[in-house]
Amino acid sequence: MPCKTPTSPNNSPPWAPDPPRVGQALRALRARLRENPDSADPAAQEAEWLLAHVLGWPRSRLWSHAETPLSVAQWDQLAALASRRLTGEPLAYLTGQTGFHALTLAVGPASLIPRPETELLVETALALAVPAAARVADLGTGSGAIALALAAERPHWQVVAVDRSAAALAVARANAEHLGLAGRVHCVQADWCAPLAPAGCDLIVANPPYLAADDPHLPTLRHEPRSALVAGPTGLEDLARIIHEAAASLAPEGWLLLEHGWDQGQAVQDLLTAAGYRTVTGRQDFAGHDRIGLGQRPHP
Ligand SMILES: C[S@@+](CC[C@H](N)C(=O)[O-])C[C@H]1O[C@@H](n2cnc3c(N)ncnc32)[C@H](O)[C@@H]1O
């Protein structure tokens, strides 16, 4: 570790010239990661994730093998990952995976890292009264998170996962293969509702870009694709397009579910109502903010 490791009087780490053991490495890594102001997880947890990733171990094995020495290559790799984390690169991009709903998904810089709040969209979708063999579309699938979580929970649903980005779809396809869901989640590169048949969906879900182009959080999110985050000058542009287009793609009792920003609940419900959707309502996150807008297909 280049800095902030426990040092001996001559300023070298106490294990020098050999690489440290697992327990020593964890302590040094924690100390280093505490320098990161953007850390979403406490440094202790991040250190465990990174070390487990480098060793190819489950996290639970680290403390029962605290005396196992690292190789020089592992220690160098760990130091490089810590440096990248300190520049703000998300932990999930460093380990190449993240947890979402009941799944572990591969992620990379081509796709947004699925967020815990998107699990609310999945739970809301699973609670709806839809046909047993529902035809479902996930618009802007990214890593495939929503489509795959729904397919994993509902073996009879047929799911199409749409994204405009070929690179993001490649991540979704790889996740579908790895999870054994490729036969039931069909990935299509397209613009929003373009590939959907008229009245062909019982459920359409989407977590589209919803940030405004001048959103002050964008610098913190700089490692993720801007095309997955920014909708346009107001942030509502993609939500409005999907609300408009999805009406023709929904079956008569079909539902549209949209994730949106914490301050966009009223605007999204107004857009749904203005477009003639029925049963318009919202769902709140744990902080009490509206994060999901939903409604049923407008009467023709
Ligand atoms: C906020 S990300 C959501 C990713 C994933 N569904 C999730 O919840 O983690 C939005 C996704 O919409 C895709 N997207 C943006 N514009 C699109 C369009 N016009 N048609 C289809 N997909 C689009 C982006 O490539 C990106 O993958």
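Let me begin with Cys 201, which at 4% relative accessibility counts as buried, and I should say straight away that we are looking at a predicted model. Cys 193 is likewise on the buried side, with a relative accessibility of 6%.

With two cysteines like these, one may ask how many disulfides the structure holds. The number is 0. To recall the chemistry, a disulfide is a covalent bond between the sulfur atoms of two cysteines. The cysteine sulfur closest to that of Cys 201 belongs to Cys 193, and because the distance is 7.7 Å, the two are too far apart for a bond. The reasoning needs one cut-off here, since a pair of cysteine sulfurs is counted as a disulfide when they are within 2.5 Å. Starting from Cys 193 instead, the closest cysteine sulfur is the one in Cys 201, again at 7.7 Å and therefore too far for a bond.

Now let us move to the ligand. Which residues come nearest to the ligand, out of the 18 around it? They are Gly 140, Asp 163, Asp 191, Asn 207 and Ala 228. Sorted by class, the shell is made up of 8 nonpolar, 7 polar and 3 charged residues.

Some of the individual atom pairs are worth finding on the screen. In Asp 163, an N or O atom of the side chain lies 2.6 Å from an oxygen atom of the ligand, while in Asp 191 a side-chain N or O atom lies 2.6 Å from a nitrogen atom of the ligand. Trp 192 takes part through its backbone, where an N or O atom is 3.0 Å from a ligand nitrogen. As for the ligand's surface, on its own it has 600 Å² of accessible area, and the protein covers 98% of that.

My last stop is Gln 264, which you will find in the loop that runs between strand β9, residues 250–259, and helix α9, residues 265–274. Is Gln 264 buried or exposed? Its relative accessible area is 8%, so Gln 264 is buried. Leaving aside residues up to four places away in sequence, Gln 264 touches Tyr 210, Thr 234, Gly 235, Leu 236 and Leu 239. There is also a polar pairing within the loop region, in which a polar atom of the Gln 264 side chain lies 2.6 Å from the backbone nitrogen of Gly 261. For a sense of distance, Pro 225 is 39 residues from Gln 264 in sequence, and their C-alpha atoms are 21 Å apart in space.

Note on methods
Residues numbered from 1 in each chain as written. Predicted model: local features only at pLDDT ≥ 70, side-chain atom pairs only at ≥ 80, totals over all residues. Heavy atoms only, no water. Buried < 20%, exposed > 50% of the residue type's maximum accessible area, 1.4 Å probe, protein only. Helix = DSSP H or I, 4+ residues; strand = E, 2+ residues; numbered from the N terminus. Contact = heavy atoms within 4.5 Å. Polar contact = N/O pair within 3.5 Å; in protein donor to acceptor, adjacent residues only side chain to side chain. Near = heavy atom within 4 Å. Areas by Shrake-Rupley, 256 points an atom, 1.4 Å probe, with all protein chains shown as cover. Nonpolar A, V, L, I, M, F, W, Y, C, P; charged D, E, K, R; others polar.
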